[in-house]
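Please open the structure in your viewer and keep the sequence beside it, since this tour moves from one selection to the next. At each stop, make the selection first and then read what is there.

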Amino acid sequence: MALFPGLTAGNYTPTSAATDSYSCLSWALHVDDRVIWPDEERVHGWPPDLPRTEDLPNVMEFLGRAGFEQCPGEELEAGFEKIAIYVDNAAVRHFARQLADGRWASKLGYGIDIEHQNLPCLQGGGHSGYGFPVAYMRRRRNGMPPVLPPLEPPPPPPPLIIMSAC
Amino acid sequence: MLSYELAEQKVASPAYLPGAISSSGLHPVHIGQWTANTVRNRQAETNVQPEFVGLVRQIYADMFDQLSNSLVTETRHISSTSAMKQHPAFQALVSLGDATVSAILARLRTGRIHVQWFTLLRVLTGEDPVAPVNRGYVDRMTRDWLDWAARRP
């Protein structure tokens with residue numbers, strides 16, 4: 001893949017067809033039917049009370065609400081699932097989720113899903129690349145996907161109709 | 001010479017026909033901006049020739065195809081909306097204005113859906129017809145935008 005010079009035939013495996021239905025952040029959270037991203041146009045799912053900005057503290061706050069805590073590095077820790085956050089030019093660009101065997105799962109934008117041996121194979125890439133993994137968060141593996149915070153206000157309740165018995 | 005007259009000459013020149021764009025060496029972004037300017041200038045005239053309008057519409061359609069293919073292909077690996085918006089083809093599609101809106105809605109109707117369409121629709125129309133609970137769901141956003149289009153005068 002020319003876009004990712006670090007990807008070689010031996011260090012990644014495609015695991016899905018390309019789809020526009022979810023983002024790399026969605027996939028890091030085991031979501032495969034909704035795009036989650038803090039876009040300022042309010043096209044995608046995002047908590048209503050968090051800014052729609054791509055800065056690292058904002059995204060870490062979101063992941064914290066989903067049950068993740070900051071951790072120092074990418075090394076495999078038994079019983080924990082980790083997310084690596086790639087940043088380029090002070091903006092988050094990619095999320096990768098660590099698998100139980102230490103490899104990583106990524107959705108490449110709105111392209112394919114892959115499993116890759118390490119994090120550096122996706123880093124760099126020039127002005128449209130992912131930058132570098134700079135922050136890591138973890139949660140205890142419990143066999144379930146993380147519980148996400150509400151991404152948008154729920155629909156308003158139906159109007160209350162009072163029936164009078166006369 | 002008025003700019004649209006110059007534009008007409010360019011349209012008549014084989015090197016500027018849509019099928020020859022790649023061999024002309026011109027970047028699709030420049031063609032898109034030129035086309036938008038041409039139509040704006042031409043629409044200001046009272047005696048619009050139907051043949052010219054038809055030709056420009058065809059150029060619009062061809063330009064949308066080229067620019068949208070470029071945008072989708074070259075930003076497919078990008079989740080970041082802000083990064084996607086920096087792509088030259090995104091800016092060129094914005095410069096095409098209502099023609100881009102119409103072309104996107106036509107594609108949504110036929111199921112040729114890409115997530116980039118929704119950001120373009122938001123930027124170009126200033127409207128937000130998608131229910132908050134539907135944000136991020138491609139199929140639901142498609143339905144809400146097509147409902148919006150059906151309500152448009």
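Begin by selecting Cys71 of chain A together with Tyr136 of chain A, for in this predicted model Cys71(A) stands opposite Tyr136(A), which belongs to β7(A). Extend the selection to the two whole strands, and you have β2(A) and β7 of chain A, residues 132-140, which pair in the antiparallel sense over three bridges.

Now widen the view to the sheet that holds these strands. It is an open sheet of seven strands in chain A, and following it from one side to the other gives the order β1-β6-β5-β4-β3-β7-β2, with antiparallel pairing. The strands at its edges are β1 (12-14) and β2 (69-71) of chain A, each of which pairs on one side only. If you look along the sheet from strand to strand, the twist averages 30° from one to the next.

With the sheet still shown, add residues 56-65 of chain A, which form helix α2. This helix packs on the sheet and touches β2, β3 (80-88), β4 (91-98) and β7 of chain A, while its direction makes about 15° with that of β7(A).

Next, go to the other edge of the sheet and select β1(A) with β6 of chain A, residues 113-116; these two strands pair in the antiparallel sense over three bridges. Which residue of β6(A) stands opposite Pro14(A)? The residue to pick out is Ile114(A), and Ile114(A) is also the bridge partner of Ser106(A). To follow that second link, colour β5 of chain A, residues 104-107, which runs antiparallel to β6(A) and is joined to β6(A) by four bridges. The two strands β5(A) and β6(A) form a hairpin with five residues between them, and in the turn you can click on Gly109(A), whose phi is positive, at about 60°.

Step back and show chain A alone. Its secondary structure comes to two helices and seven strands, and read along the sequence these follow the pattern β-α-α-β-β-β-β-β-β. Along the principal axes, the C-alpha atoms of chain A fill a box of roughly 80 × 35 × 30 Å.

Bring chain B back into view and turn to the contact between the chains, which takes 31 residues from chain A and 24 residues from chain B. Between them the two chains bury about 2,400 Å², with 53% of that area on carbon and sulfur atoms. On the side of chain B, select His77(B), Ser79(B) and Arg135(B), since these supply 29% of the area that chain B buries against chain A, more than any other three residues.

The next stops are enclosed spaces. How many cavities of 30 Å³ or more does a search of the whole structure find? The search finds three, and the largest of them holds about 50 Å³ of space. To locate this largest cavity, select His44(A) and Tyr110(A), and then Ile78(B), Ser79(B), Ser80(B), Thr81(B), Met84(B), Val115(B), Gln116(B) and Thr119(B), which line it. In chain B, α5 (81-85) and α8 (116-125) each supply at least two residues of that lining, and by class the lining has four nonpolar, six polar and no charged residues.

The second largest cavity has a volume of about 40 Å³. Its lining can be selected as Arg42(A) and Val43(A) with Phe118(B), Arg122(B), Asp128(B), Val130(B), Arg135(B), Met141(B) and Trp145(B). Here α8 and α9 (138-151) of chain B each supply at least two lining residues, and the classes divide into five nonpolar, no polar and four charged.

For the last stop, move to the largest pocket, where about 230 Å³ of space lies. It is lined by 13 residues, and those nearest its centre are Tyr60(B), Ala61(B), Phe64(B), Ala99(B) and Ala103(B). If you colour α4 (50-74) and α7 (98-109) of chain B, you will see two helices that each supply at least two residues of the lining, with the largest share, six residues, coming from α7(B). By class, the lining of this pocket divides into seven nonpolar, two polar and four charged residues.

Terms used: Residues numbered from 1 in each chain as written. Chains lettered and ligands numbered in written order. Predicted model: local features only at pLDDT ≥ 70, side-chain atom pairs only at ≥ 80, totals over all residues. Heavy atoms only, no water. Pairing = 2+ DSSP bridges. Axes fitted to C-alpha atoms, helices over the stretch in contact; angles between N-to-C directions. Contact = heavy atoms within 4.5 Å. 1 Å grid on protein atoms, 1.4 Å probe; cavity = no way out; pocket = protein on both sides within 12 Å on 5 of 7 lines; lining within 4 Å. Points joined across faces, edges and corners; volume = space filled by probe spheres on them. Nonpolar A, V, L, I, M, F, W, Y, C, P; charged D, E, K, R; others polar. Buried area = accessible area lost by both parts, 1.4 Å probe.
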